[in-house]
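User: Please examine the structure below and answer some questions about individual residues and their side-chain pairings.

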Amino acid sequence: MQSWSARSNAGIVHMVRHSVILFPLIGLIAVSLLMVFATDNFLSFTNIMNVLRQVSINAIIAIGMTFVILTGGIDLSVGSVLALASTVAAGLMVGGMPPAFALLLCLAIGLGFGVGNGMLVAYARMPAIIVTLATMGIARGLGLIYSGGYPISGMPFWVSWFGNGRIFDVPVPVIIMVVAYLVAWVVLERTPFGRYVYALGGNEHATRLSGVRVNRAKVIIFAISGLTTAVAAVVLTGRLMSGQPNAGVGFELDAIAAVVLGGTSIAGGRGSVVGTLIGAVLLGILNNGLNLMGIDPYVQTVIKGFIILLAIYIGRERR
């Protein structure tokens, strides 16, 4: 009996230590409870929907970032690619192109940059951080050249539905976010490709020897990052009803923070898109709660920085 109890306790300890989303979930619950007691209207439906709408863009970008980080890579270009895709789509719509085609081109721009990043990382053997740092500057520069450095407005009114519309009183960006996470979860957890993603982060050499076409997988992974960034660009364009060439500054850091807070190892091989969603919502609740409490924005930045460091430390100890 004692032996069975010992094995049971050991199993629970093992599950706790190796659970990907347990600690992010505990953090989300703790921060939520803190905000409930510190503010009056945190739990109102309006405020919760507002928080989810605010985090939707970062959460969507963080999906692709999760795929990349799971392989041990990084994508610093997402903020600039978002701005370029949004600006070009807005300019084309204002110039007379049918909005549907302009939005499809927006998606194509994100996908194209993702494929380009993946090709350079996989076939040119260049470090992901250097490649995406370079394409970050390229995309930002192209957006500024295209727009002349000024916002582009005057799009058809219905485009705002992607950023400000509602279905049964639920914001459309939240619905897009949920659908995107469902698709990403299926891909990572229920397909052979998802297993390749984890394997690449665990041991790329062994994965290559097992017959996986590693280079092709890397291109697809960065393409996913570019595509999710473009989806976020569509939402942002609808929300702002303009193309902003200076938009997206720092979005790559927010996405990385959501992934890390969600329990994904920055070294790759361990993580979950469910954890990433929890991390993104945690950041959103933290921002919302600190604003409701009247905390100085500069102090908020310091607090969030310490929380991210704590998350990285916990992840390292568990690894």
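The exchange that follows treats salt bridges, backbone angles and buried positions.

Analyst: This is a predicted model, in which local features need pLDDT of at least 70 and side-chain atom pairs count only at pLDDT 80 or more, while totals for chains, interfaces and linings use all residues. Residues are numbered from 1 along each chain as its sequence is written, and side-chain values use heavy atoms, with hydrogens and water left out.

User: How many salt bridges are there by the rule applied?

Analyst: Side chains of opposite charge can pair when their charged atoms come close. The rule requires a side-chain nitrogen of Lys or Arg within 4 Å of a carboxyl oxygen of Asp or Glu. By this rule the count is three.

User: Which residues are joined into one network by salt bridges that share partners?

Analyst: Glutamate 204 pairs with arginine 208 at 3.1 Å, N to O, and both lie in helix α10 (residues 204-209), four residues apart; helices are DSSP runs of H or I of at least four residues, strands runs of E of at least two, numbered from the N terminus. Lysine 218 meets glutamate 204 in a salt bridge of 3.0 Å, N to O. This pair links distant parts of the chain, with lysine 218 in helix α11 and glutamate 204 in helix α10. Because these salt bridges share partners, the network consists of Glu204, Arg208 and Lys218.

User: Is lysine 218 buried or exposed?

Analyst: Buried means under 20% relative accessible area, exposed over 50%, and partly exposed in between (1.4 Å probe, protein chains only). The relative accessibility of lysine 218 is 15%, so lysine 218 counts as buried.

User: What is the phi of aspartate 169?

Analyst: Aspartate 169 is located in the loop between β2 (166-167) and β3 (170-171). Its side chain forms a salt bridge with that of arginine 166 (3.7 Å, N to O). Although aspartate 169 is not a glycine, its phi is positive, at about 70°.

User: With which side chain does that of threonine 135 make a polar contact?

Analyst: Threonine 135 belongs to helix α6 (residues 128-147) and is buried at 9% relative accessible area. A polar contact is a pair of N or O atoms within 3.5 Å; within protein, one must be able to donate a hydrogen and the other to accept it, and residues adjacent in sequence count only if both atoms are side-chain atoms. At 3.0 Å, the partner side chain is that of asparagine 117.

User: What is the relative accessible area of serine 86?

Analyst: Serine 86 lies in helix α4 (residues 78-94). Serine 86 is buried, and its relative accessible area is 2%.
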